[in-house]
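Visitor: I should like to go through this structure with you, beginning with a single residue and then working outwards. Could you take me through it?

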Amino acid sequence: WSDGSVEKAEDEQNVRCVHPGMPCITGKEAILQSFSQIFESAQSFSIAPSRTKIDINGETALCSCIEETTGGGKLECLNIYRREDGTWKMILHMASPIITSAAAF
């Protein structure tokens, strides 16, 4: 979202983001602001994708991956893209922490 590598859909009500443990954020500007706050509040924070899988069906693409964070955290991630005017635009980002401890269940 924050690096500008993929354009965001223009229809504000169809653009959503769910950060781990938080309610859904709707609208491009609110989402961009939330990512800015996340990356500005943490020193040397980075995310690296692994186990990336992309499925394309017509004008819709699903991308699932593991997001590996600074400090060893891992998030299960789902992104949905829609092709508009020949450009892929992200319309949903969801991430959930991966809990490796059996005690968490």
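Guide: Certainly. Arg-83 has a relative accessibility of 31%, so this residue counts as partly exposed. Please bear in mind that the model is predicted.

Visitor: Which residue does Arg-83 form a salt bridge with, and how far apart are the closest N and O atoms?

Guide: The partner is Glu-59, and the closest N and O atoms are 3.6 Å apart. Glu-59 sits in the loop between S4 and S5 while Arg-83 belongs to strand S6, so the pair ties together parts that are 24 residues apart in sequence.

Visitor: And Glu-59 itself, buried or exposed or in between?

Guide: Glu-59 is partly exposed, its relative accessible area being 45%.

Visitor: What stands opposite Arg-83 in S7?

Guide: That is Trp-88. The two strands concerned, S6 and S7 (residues 87-97), pair in the antiparallel sense over ten bridges.

Visitor: How many residues lie between S6 and S7 in their hairpin?

Guide: There are two residues between them, and Asp-85 in the turn has a positive phi of about 55 degrees.

Visitor: On the other side of the sequence, how does S6 pair with S5?

Guide: Strand S5 (residues 60-69) and strand S6 (residues 74-84) are antiparallel, with nine bridges between them. One of the bridge partnerships joins Thr-60 to Arg-82 in S6. The hairpin of S5 and S6 has four residues between the strands, and Gly-71 there adopts a positive phi near 90 degrees.

Visitor: Is there a general rule for where side chains point along a strand? I ask what they do in a regular one.

Guide: In a regular strand the side chains alternate between the two faces of the sheet.

Visitor: Back to charges. How many salt bridges does a search of the whole structure find?

Guide: It finds five. Among them is the one in which the side chains of Glu-76 and Arg-51 meet, at 2.6 Å from N to O. This pair links distant parts of the chain, with Glu-76 in strand S6 and Arg-51 in strand S4 (residues 47-57), 25 residues apart.

Visitor: How accessible are Glu-76 and Arg-51?

Guide: Glu-76 has 33% relative accessibility and therefore counts as partly exposed. Arg-51 has 49%, so this residue also falls in the partly exposed class, for which the upper limit is 50%.

Visitor: Which residue does Asp-55 form a salt bridge with?

Guide: Asp-55 forms one with Lys-53, where the closest N and O atoms are 3.1 Å apart. Asp-55 is partly exposed at 37% relative accessibility, and Lys-53 is partly exposed with a relative accessible area of 46%.

Visitor: Which residues are linked in a network of salt bridges?

Guide: Arg-82, Glu-84 and Lys-89 are linked in that way. Arg-82 is the residue already named as the bridge partner of Thr-60.

Visitor: Let us step back. How many helices and strands does the protein have?

Guide: There are one helix and seven strands. Read from the N terminus, the order is β-β-β-α-β-β-β-β.

Visitor: What share of the residues is buried, and what does the surface consist of?

Guide: Buried residues make up 30% of the 105 residues. The protein exposes about 6,700 Å², of which carbon and sulfur atoms supply 53%.

Visitor: Lastly, what part of the contacts with a separation of 6 or more comes from residues 24 or more positions apart?

Guide: Such residues account for 33% of those contacts.

Technical notes
Residues are numbered from 1 along each chain as its sequence is written. This is a predicted model: local features need pLDDT of at least 70, side-chain atom pairs count only at pLDDT 80 or more; totals for chains, interfaces and linings use all residues. Side-chain values use heavy atoms; hydrogens and water are left out. Two strands pair if DSSP finds at least two bridges between them. Buried means under 20% relative accessible area, exposed over 50%, partly exposed in between (1.4 Å probe, protein chains only). Contact means heavy atoms within 4.5 Å. Accessible areas come from the Shrake-Rupley method with a 1.4 Å probe; for residues, only the protein chains shown count as cover. A salt bridge is a side-chain nitrogen of Lys or Arg within 4 Å of a carboxyl oxygen of Asp or Glu.
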